[in-house]
Amino acid sequence: SVTNGGKTTLAKNLQKHLPNCSIISQDDFFKPESEIERDKNGFLQYDVLEALNMEEMMSTISRWMESPEHSEGPVAWGSAEGVSILIIEGFLLFNYKPLDTIWNRSYFLTIPYEECKRRRSTRVYEPPDIPGYFDGHVWPMYLKHRQEMAHVTWEIVYLDGTKPEEDLFSQVYEDIMQELAKQKGKCCPIKVDGRAGEMAYQLSACL
């Protein structure tokens, strides 16, 4: 998903309401600043896959899928008893091929340029954004990676990140609940992108 599109907020809201729900965030796998390359303008290249330790992220996902953790969220109930749900949220999930085969449901949050730039300006980053960083690196990389998504062969649900948080939550929550009912008893994962379990059932979502 696009940076500052609301994916982390949505993922956390879903976790509060879904049974046995865990979140793995791509932002937790950034390499240290000393390992991040700079372009000819001196901009740190954070918005590229090379800035992330994706092998470590894949190992974390694999460990969860081998032994699903019962994280936050309500206790398993009704027809979803025993289900474990994994939400993977990040800004470059659809551009990393080893992840292609694990998704059940995929969501991509979008917001227009001006709104994205406004939200970005209200956030504090470490290291902080330098003047011109958004237009010189962040937005061009988003457009480049969005174009690369043309190869995706599975269904992606595009979400309007300018909608109220509660509306986005309701849309995705209802979709996941339908998936749970439909896939009950099967083994399958979901994902949630943006910058989309246990027993006989696993559900992974990408934001």
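**Exercise 1. Decide whether R119 is buried or exposed, and identify what its side chain reaches.**

Solution. Begin with the accessibility of R119: its relative accessible area is 19%, so this arginine counts as buried, where buried means under 20% relative accessible area, exposed means over 50%, and partly exposed lies in between, with a 1.4 Å probe and protein chains only. The structure is a predicted model, in which local features need pLDDT of at least 70 and side-chain atom pairs count only at pLDDT 80 or more, whereas totals for chains, interfaces and linings use all residues. Residues are numbered from 1 along each chain as its sequence is written, and side-chain values use heavy atoms, with hydrogens and water left out.

Next, place the residue: R119 belongs to helix α3, where helices (H or I, at least four residues) and strands (E, at least two) are DSSP runs numbered from the N terminus. Then look at the side chain, which reaches the backbone oxygen of G161 at 2.9 Å; a polar contact is a pair of N or O atoms within 3.5 Å, of which, within protein, one must be able to donate a hydrogen and the other to accept it, and residues adjacent in sequence count only if both atoms are side-chain atoms. Finally, list the contacts (heavy atoms within 4.5 Å): setting aside residues up to four places away in sequence, R119 touches N4, G5, G6, I111, G161 and T162.

**Exercise 2. Work out which residues of α3 are buried and which element they pack against.**

Solution. The buried residues of α3 are C116, R119 and R120. They lie on the same side of α3, because they cover an arc of only 100° around the axis, the arc being that of the directions from the helix axis to the C-beta atoms. On the other side of the helix, E114, S121 and T122 are exposed. The buried residues of α3 pack against α4.

**Exercise 3. Compare the span of helix α4 with its expected value, and describe its surroundings.**

Solution. Helix α4 covers residues 133-148, which makes 16 residues, and from its first C-alpha to its last it reaches 22 Å, close to the 22 Å expected at 1.5 Å a residue; the expected span is 1.5 Å times one less than the number of residues. The buried residues of α4 are then to be noted, among them F134, W139 and Y142. The cover over the buried residues of this helix includes β3 (105-110) and α3 (113-122).

R146, also in α4, is partly exposed, with a relative accessible area of 33%. Apart from neighbours within four places in sequence, R146 is in contact with F108, T110 and Y158. R146 and N95 are 51 residues apart in sequence, yet their C-alpha atoms are 8.7 Å apart in space.

**Exercise 4. Determine how the side chains of β2 and β4 are oriented, and how these strands pair.**

Solution. As a starting point, in a regular strand the side chains alternate between the two faces of the sheet. In β2 (residues 84-89), six of its six residues are buried: S84, L86 and I88 point one way, and I85, I87 and E89 point the other way. In β4 (residues 157-160), by contrast, V157 and L159 point to one face and are buried, while Y158 and D160 point to the other and are not.

For the pairing, which requires that DSSP finds at least two bridges between two strands, five bridges join β1 (residues 21-25) to β2, and the two run parallel; the bridge partner of C21 in β2 is I85. Likewise, four bridges join β3 to β4, again in a parallel arrangement, with T110 standing opposite D160 in β4.

**Exercise 5. Characterise the environment of I61.**

Solution. I61 sits in helix α2 (residues 54-66) and, with a relative accessible area of 2%, is buried. Beyond residues up to four places away in sequence, I61 touches I24, L86, I88, L99 and I102. For L86, 25 residues from I61 along the chain, the C-alpha separation is 8.8 Å.

**Exercise 6. Count the disulfides, and locate the cis peptide bond.**

Solution. A disulfide is a pair of cysteine sulfur atoms within 2.5 Å, and by this rule the count comes to zero. Two cysteines, C21 and C116, are each buried at 0% relative accessibility.

Turning to the backbone, most peptide bonds are trans. A cis peptide bond, with omega about 0°, joins E126 and P127, and P127 is found in the loop between α3 and α4.
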